[in-house]
Amino acid sequence: MSGPCAGLLLAAGAGTRLGTPKALLEFQGERLADRGARLLREGGCHPVVVVLGAAEVRVGGAVAVRNPDWRTGMASSLRAGLDALPPAADAVVVALADQPLVRAEAVRRLIVARAAGAAVAVATYGGAPRNPVLIGREHFGEVLRLAAGDAGARPFLRAHPELVTPVPCDDAGDPADIDTVADLERLTAVPRPPVAPDGRDRP
């Protein structure tokens, strides 16, 4: 890997079915925007960019970028985030704010895959590709060319399966997302992952 791996958290949604923007939603005493930024930092990403839209909030340890077109969907947020990355970033790990049970170990595994030569690396759970996703800078242009509406990197991943390195993360969290109040209540009941003495999530 020729440069650092940046982190990009997409947190611009209004959370219509939740009744509050997802960036502001608290999960286990922590706002989702803060939790997602921490996930990327602890996983080894630098810098971390958080794309906001429906809500504006200061996120410690991250660069906040507002997407004025957030209502058009995830593609515009992905574009705003990638445009904000420093030129030195060799790759980016993209995570979603509404998946709070994903752990830093998943991010670390993607970065290891990049160091081993992966152009694109996708966390898998039960063999199915989910998030987070690592994308090498050499593919940013094509990712943005194919992104549209609420489809961010997905069209690129489907168009170029030969580039994708699957990274099993079954023991590194759960990709379940929070779209409704029922989702929040269900995930809140899930026990917290054990924490090592150094403060990092255990794999």
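Which residues lie nearest the centre of the largest pocket? I will come back to that question once the sheet and the cores are in place, and I should say at the outset that what we are looking at is a predicted model.

Let me begin with the sheet, which is open and has seven strands in the order β5-β4-β1-β6-β8-β7-β9, with mixed pairing. The edges are taken by β5, residues 63-66, and β9, residues 164-168, and each of these has a single partner strand, so one side of each is left without a neighbour in the sheet. From one strand to the next, the twist averages 25°.

Within that order, β1, which covers residues 5-11, and β6, which covers residues 91-96, pair in the parallel sense over six bridges, and if you want to find the register on screen, Leu10 has Leu96 in β6 as its bridge partner.

Two helices that pack on the sheet deserve attention here. Helix α1, residues 32-43, touches β1, β4 and β6, and its direction makes about 165° with that of β1. Helix α3, residues 104-115, touches β1, β6, β7, β8 and β9, and in this case the direction makes about 50° with that of β8.

Turning to the interior, the largest nonpolar core has 42 residues, and those with the most contacts inside it are Leu40, Cys45, Val50, Val93 and Leu134. Two or more residues of this core come from each of β1, α1, β4, β6, α3, β7 and α6, the last of these being residues 181-188, while the largest share, six residues, comes from α3.

Cys45 is a useful residue to follow, for if we leave aside its neighbours within four places in sequence, Cys45 is in contact with Cys5, Ala6, Gly7, Leu40, Val93, Val107 and Ile111. There is also a second, separate core of 25 residues, which includes Leu10, Val49, Val120 and Val122; Leu10 is the residue whose bridge partner I named a moment ago.

That brings me back to the largest pocket, which has a volume of about 1,100 Å³. Its lining is made up of 38 residues, and the ones nearest its centre are Met74, Leu96, Asn131, Asp150 and Arg154, so to speak the answer to my opening question. At least two residues of the lining are supplied by each of β1, α2, β6, β7, β8, α5 and β9, and β8 gives the most, with five residues. Leu96, then, appears both as the bridge partner of Leu10 and among the residues nearest the centre of this pocket.

Notes: Residues numbered from 1 in each chain as written. Predicted model: local features only at pLDDT ≥ 70, side-chain atom pairs only at ≥ 80, totals over all residues. Heavy atoms only, no water. Pairing = 2+ DSSP bridges. Helix = DSSP H or I, 4+ residues; strand = E, 2+ residues; numbered from the N terminus. Axes fitted to C-alpha atoms, helices over the stretch in contact; angles between N-to-C directions. Contact = heavy atoms within 4.5 Å. Core = buried A, V, L, I, M, F, W, Y, C linked by side-chain atoms within 4.5 Å. Buried < 20%, exposed > 50% of the residue type's maximum accessible area, 1.4 Å probe, protein only. 1 Å grid on protein atoms, 1.4 Å probe; cavity = no way out; pocket = protein on both sides within 12 Å on 5 of 7 lines; lining within 4 Å. Points joined across faces, edges and corners; volume = space filled by probe spheres on them.
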